[in-house]
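Here are a few exercises on aromatic rings and strands, each with a worked solution. Keep the structure open while you work through them.

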Amino acid sequence: MGSYSRAMHSRTIKNIEHAAKLIREGGLVAFATETVYGLGTLGLDTTSVQRIFDAKERPSHNPLILHVATIDDAKILFNFPNDEVVKRFNLLVNYFWPGPLTIVCEKSSLVPDLTTAGSSKVAVRIPNHAVALKLLTLVGKPVAAPSANASGRPSATSAEDVLKTLDGKIDAVLDAGPCLHGLESTVVDISGETPIILRTGAITVEALRGALPDISIREIGSACLDSIGSPGLSAKHYAPQIAHVRLASSAEIAEHWNSPVAMLIRQETYEQNAPRSEGITEILANNPVSYAHELYAALYRLENTNSQTLLIEEVPSDESWLAIRDRLMRACA
Ligand code: TXA
Ligand code: MG
């Protein structure tokens with residue numbers, strides 16, 4: 001693969017066999033999952049994995065999630081420290097796989113240090129998406145796939161949005177339409193005394209407590225950067241390319257209603273005020289599931305407004321909004 005080179009523009013393809021062939025040859029192919037698009041490559045091959053870090057300009061301390069099609073394929077990537085952890089793994093898998101849950105635990109020797117950014121732990125998930133599962137089966141090896149966006153930018157929930165930040169840097173995007181959740185997987189470290197949620201996401205805290213009552217959440221927005229954390233969470237993330245992005249209370253939103261700033265607001269707020277120029281206003285749903293589904297696409301659309309300022313309306317403080325609050329805070333960091 002020494003002569004590896006990439007075209008000026010990345011191709012949009014529909015053929016799963018073609019996508020699998022490109023990945024097997026060491027290429028970079030973005031593909032849809034039920035959460036967001038992932039940027040896939042051979043996850044146990046260091047040359048391929050390095051290309052992912054380069055294409056995304058991803059900091060080398062931020063590890064990648066390995067995606068597999070079956071539970072057996074997942075198990076061989078781990079080195080479970082004790083029976084208690086095995087029990088936890090089986091429980092989570094029964095409840096949530098295939099699905100938007102990423103499990104972190106001690107890695108087996110199959111997994112290169114580059115994939116885990118030097119950590120002794122690896123992150124693995126089985127996505128719940130027919131095209132992704134077919135692709136993983138055809139590749140036949142673990143596929144490393146971070147979200148398919150340039151580092152620091154919002155995750156992409158459509159093939160079009162993938163190309164907004166990665167065109168020419170990847171070989172192809174396998175277009176399978178928009179993603180169901182629009183929010184990344186929940187990341188849980190099962191290796192310690194008690195399980196810890198490292199990143200909130202598409203599986204709610206409530207649902208996880210149903211499976212593991214003693215699960216805790218790593219402090220939201222915490223800047224902890226050690227090997228037990230999810231290092232990718234510390235830096236500025238999910239940020240649209242707009243000079244000033246900040247959270248605003250509903251009162252502040254009302255105050256700025258007639259100024260030419262871009263706004264991301266909820267339906268109920270829109271209805272309480274007078275109509276507003278559509279070009280600079282994105283209106284999202286009142287409930288967190290539908291809100292998440294549209295969030296990243298709306299952030300990318302807002303980049304086209306030429307506005308120097310984006311006000312993002314704060315969302316409710318209850319737990320069902322936790323993952324969204326986390327993403328909004330990081331978009332404004
Ligand atoms: O839904 C998702 O998880 C998507 C789809 C494509 O699967 N992927 C995704 O990947 O969001 P990425 O790279 O954007 O985010 C992965 C998160 C980061 O916060 C990273 O730090 C954490 O998972 N992570 C990965 N490997 C880890 C490890 N070994 N230990 C702790 N955290 C890890
Ligand atoms: Mg990401």
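**Exercise 1. Find the members of an aromatic cluster and classify one of its ring pairs.**

Solution. Phe-78, Phe-80, Phe-89 and Trp-97 belong to one aromatic cluster. Please bear in mind that this is a predicted model. In the model, the count of aromatic pairs comes to 8. Now take Phe-89 and Trp-97: their ring centres are 5.8 Å apart and their planes stand at 90°, so this pair is edge-to-face. The cut-off behind that step is that planes over 60 degrees apart count as edge-to-face.

Next, are these two residues buried or exposed? Phe-89 has a relative accessibility of 0% and counts as buried. Trp-97, with a relative accessible area of 8%, is buried too. The step uses the cut-off for buried, which is under 20% relative accessible area.

**Exercise 2. Classify the pair Tyr-291 and Trp-321, then work out which parts of the chain the pair ties together.**

Solution. Start with the geometry: the ring centres of Tyr-291 and Trp-321 are 5.2 Å apart and the planes are at 75°, so the pair is edge-to-face. Then place each residue. Tyr-291 sits in helix H10 (residues 288–302), while Trp-321 sits in the loop between strand S15 (309–313) and helix H11 (322–331), so the pair ties together parts that are 30 residues apart in sequence. For accessibility, Tyr-291 is buried at a relative accessible area of 0%, and Trp-321 is buried at 3%.

**Exercise 3. Look for arginines over the faces of tryptophan rings.**

Solution. Stay with Trp-321: Arg-266 lies over its face, 5.6 Å from the ring centre. Then move to Trp-257, where Arg-276 lies over the face at 5.6 Å from the ring centre.

**Exercise 4. Trace the open sheet of 11 strands, find its edges and see what packs on it.**

Solution. Follow the order first: S1-S8-S2-S3-S7-S4-S6-S5-S9-S10-S11, with mixed pairing. At the edges stand strand S1 (11–13) and strand S11 (216–217); each has a single partner strand, so one side of each is left without a neighbour in the sheet.

Helix H6 (residues 159–166) packs on this sheet and touches S1, strand S2 (29–31), strand S3 (38–42) and strand S8 (172–174). The direction of H6 makes about 160° with that of S8.

Finally, zoom in on one pairing. Strand S9 (residues 186–189) and strand S10 (residues 196–199) run antiparallel and are joined by 3 bridges. Asp-189 has Ile-196 as its bridge partner in S10.

Technical notes. Residues numbered from 1 in each chain as written. Chains lettered and ligands numbered in written order. Predicted model: local features only at pLDDT ≥ 70, side-chain atom pairs only at ≥ 80, totals over all residues. Heavy atoms only, no water. Phe/Tyr/Trp six-rings, centres within 6.5 Å; stacked < 30°, edge-to-face > 60°. Buried < 20%, exposed > 50% of the residue type's maximum accessible area, 1.4 Å probe, protein only. Helix = DSSP H or I, 4+ residues; strand = E, 2+ residues; numbered from the N terminus. Lys NZ or Arg CZ within 6 Å of the ring centre and 35° of its normal. Pairing = 2+ DSSP bridges. Contact = heavy atoms within 4.5 Å. Axes fitted to C-alpha atoms, helices over the stretch in contact; angles between N-to-C directions.
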